[in-house]
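Thank you for making time for this. I would like to walk through one structure, beginning with a single residue and ending with two loops.

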Amino acid sequence: MSLGLALAAFLLFGLIAGLPLFLLMGVVAVLCYSLQGNAELSGIVEDIYFAADKEILLAIPLFILAGNLMTQGAIAKRLIRIASALTAPLPAGLGVAAVLSCTLFAAISGSSPVTLIAIGTMMYPALVQAGYKPGFAVGLLASAGTLGIIIPPSIPMIVYSIMANVPVTDMFIGGVLPGLLLASLLMIYAMIHGRGMPRGRWSGEEFLVALKTGFLSLVVPVIILGGIYSGFFTATEAAAIAVFTALVIELGFYRELTVPAVWKAMTDTTQMLGMIFFILLFAVSFNKFLIIEQVPQGLVEDLSAVITSKTGFLVGVNLLLLAAGCFMDIMSAILVFAPLLTPMAVHYGIDPVHFGIIMIVNLEIGYLTPPVGINLFVASAAFKQPLGDVIRATLRPMLMLLAGLALVTFWPALSLTLVHLK
Amino acid sequence: MTHPVIHRGLQVIAGAERLIAGLSVGAMAVLLCADVILREVAGMSLPWAQKLSLHFMILAGCLGVSLASSAAGHLRPEVGDQILPKRILQGIVFLRELTTAVFCGYFAHIALAYVQQSKDFGDLNVITGVPLWVVQAIFPATFALMATKHIVFALFPSTRPVRAGVH
């Protein structure tokens, strides 16, 4: 039996048996080493060690830790109060506040489920209590939670930048305007869908009190994004500063975060890191094999013969990534597709940063598509709603996100203007 | 029926992993924060801070992988869980645990060979001065720990962790 057949059989077994993804990646890496006639299989361990020995990787656990600390503390609550005061007079003001709160929290956290939990657990009861239908509230929050990975900082963007060899700061800066566009579209959806809801009244006093008590919460995204944008911090340093400011604000000023909660945030971080750590390292090793074997170049040549236009490529890639988002989690999809598709995108004249943003938005929508849309499960568990209802509730806001995806795809300036201004 | 010692053993291992990994994350965060703050406030920096933090991250990451095994937290395809009948699924889960244990054992073996080579060559991290094999040793250790856990999960179904859900 040839090695290719053995690999296909093993992957099929792995898929059915549900073998851990890191193991599938590891076995693929071993077989690839064997294909190269490389007898020294310990070279794989060398690959994964050197893949782990990259400073940029430090940003991943630190942003996870910052998000976990802020979820346990009071920052999310204060951001919600500011957003609610600001949007009260708008149609469906509380719905708009939910999206705005997710947007603000996304500028601190790099994860969609964390954003959804941090904001959703407080916003959902408030929305239902204010008379919004549970379905609307669930759909809106699950969709707005996805903003966590498009508005920088973003853990998937860090992974993309490693796999596609793109500066992570460019990815972060490139994600700002598309993130704001998607947030705006979700706010418009909330205003249209909830237009029958009674409007609140603007209260300058409440806004000033909310701003006064929550001012420090707003400082965190300003420091992180301002530091990265001005070149004052690298992404890794910004992640460290995010942890530091979160701790100073939560422990020194708000004083709602307890020491056991800090410890829980730290141990949760290790487990979340553990879920992706070996997958990432084995994927880097596999990527090295792809480059040595010139697989991306071969695919570019094959694909150019079939797809002759940039538009055709973009449409095809969007369909592929939307389908991938249904069946793969975001990290796996980036690790598998980024090394293969980015060289193709460059061949068609697409900037790799723009392409990365397209990929992130596609996979962001994947958080809402069954069977493996993580935000669907998180929302179902957190808001105690049947999964089927959650899926139905996200359909309309997802249409807005798809409209946003089309704009992001065919309007490169949206992703690249700030990068070029840097 | 599983011997309570096995349950207790798994708990002790996971507890130790959690403690070391949590402290490593803390150390990593403290080092990096100190580096940035000292640079901005006092105009001095800790040139070894990022490299040393990386050592801690590798330790935390590897132990985190093993912890994910203890909590059934690994990302994995779930097609089989949905399409296979329950009776067949039980056998499949046994095979999954066994296969995971075998391959983790195999990876532990090749990782150990690599660490041995690294020790023989006397490679050092030029910035921290730490022998590389000391850092790299966590790889065979992690794979060995996971192989042990998954063989226990295969043989004693009652010890298998239930999926945490949110990730």
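**Salt bridges, interface and two loops**

Let me begin with B:Asp81, which is partly exposed, its relative accessible area being 29%. What we are looking at is a predicted model, so please hear every value as computed from that model. The side chain of B:Asp81 meets that of B:Arg96 in a salt bridge, with 3.6 Å from N to O. This pair links distant parts of the chain, since B:Arg96 belongs to helix α4 of chain B and B:Asp81 to helix α3 of chain B, residues 79–83, with their positions 15 residues apart. As for B:Arg96, its relative accessibility is 11%, and because the cut-off for buried is under 20%, B:Arg96 counts as buried.

Staying with helix α4 of chain B, which runs over residues 86–121, how far apart are its end C-alpha atoms? They are 52 Å apart, and this agrees with the 52 Å that its 36 residues should span at 1.5 Å a residue. Following α4(B) comes B:Gly122, which has a positive phi, near 70°.

Let me turn now to the place where the two chains meet. The size of an interface is often given as the accessible area lost when the parts come together. For chain A and chain B the buried area is about 5400 Å², and 79% of it lies on carbon and sulfur atoms. Chain A brings 62 residues to this contact, and chain B brings 60 residues.

Which kinds of polar pairing does the rule find across the interface of chain A and chain B? There are 5 residue pairs in polar contact, both partners being at pLDDT 80 or more. On the side of chain A that touches chain B, the elements that give two or more residues include α1 (3–17), α2 (21–35), α7 (112–129) and α18 (374–383) of chain A. The element that gives the most to that side is α13(A), with 15 residues. Sorted by kind, the residues on this side of chain A come to 45 nonpolar, 10 polar and 7 charged.

The rule also finds 2 salt bridges across the interface of chain A and chain B. In a salt bridge between the chains, the side chain of B:Lys51 meets that of A:Asp53 at 3.2 Å, N to O.

Over all chains, the count of salt bridges by this rule comes to 11, and I will pick out some that lie within chain A. In helix α13 of chain A, the side chains of A:Lys264 and A:Asp268 form a salt bridge at 2.8 Å, N to O. Why are these two separated by about one helical turn? They are so placed because they stand 4 residues apart in that helix. An α-helix has 3.6 residues a turn, so residues three or four places apart point the same way. A:Lys264 is partly exposed at a relative accessible area of 42%, and A:Asp268 also counts as partly exposed, at 28% relative accessibility.

In helix α19 of chain A, residues 387–410, A:Arg392 and A:Asp389 are 3 residues apart, which again means a separation of about one helical turn. Their side chains meet in a salt bridge of 2.7 Å, N to O. Here A:Arg392 is exposed, with a relative accessible area of 55%, whereas A:Asp389, at 34% relative accessibility, counts as partly exposed. Elsewhere in chain A, the residues A:Lys77, A:Arg78 and A:Glu256 are linked in a network of salt bridges.

I will finish with one loop from each chain. In chain A, the loop between α4 and α5 (75–87) holds A:Gly73, and A:Gly73 is buried, with a relative accessible area of 13%. Beyond its neighbours within four places in sequence, A:Gly73 is in contact with A:Glu250 and A:Leu257. Its C-alpha atom is separated by 29 Å from that of A:Leu90, which lies 17 residues away along the chain.

In chain B, the loop between α4 and α5 (132–136) holds B:Asn125. Is B:Asn125 buried or exposed? At 7% relative accessibility, B:Asn125 counts as buried. Its side chain reaches the backbone nitrogen of B:Ile127 at 2.9 Å. Setting aside neighbours within four places in sequence, B:Asn125 is in contact with B:Lys51, B:His55, B:Val130 and B:Leu132, and B:Lys51 is the residue whose side chain meets that of A:Asp53 in a salt bridge.

Definitions and conventions:
Residues are numbered from 1 along each chain as its sequence is written. Chains are lettered from A and ligands numbered from 1 in the order in which they are written. Side-chain values use heavy atoms; hydrogens and water are left out. Contact means heavy atoms within 4.5 Å. Buried area is the accessible area (1.4 Å probe) that two parts lose on being put together, summed over both. A salt bridge is a side-chain nitrogen of Lys or Arg within 4 Å of a carboxyl oxygen of Asp or Glu. A polar contact is a pair of N or O atoms within 3.5 Å; within protein, one must be able to donate a hydrogen and the other to accept it, and residues adjacent in sequence count only if both atoms are side-chain atoms. Ala, Val, Leu, Ile, Met, Phe, Trp, Tyr, Cys and Pro count as nonpolar, Asp, Glu, Lys and Arg as charged, and the others, Gly among them, as polar. The expected span of a helix is 1.5 Å times one less than its number of residues. Buried means under 20% relative accessible area, exposed over 50%, partly exposed in between (1.4 Å probe, protein chains only).
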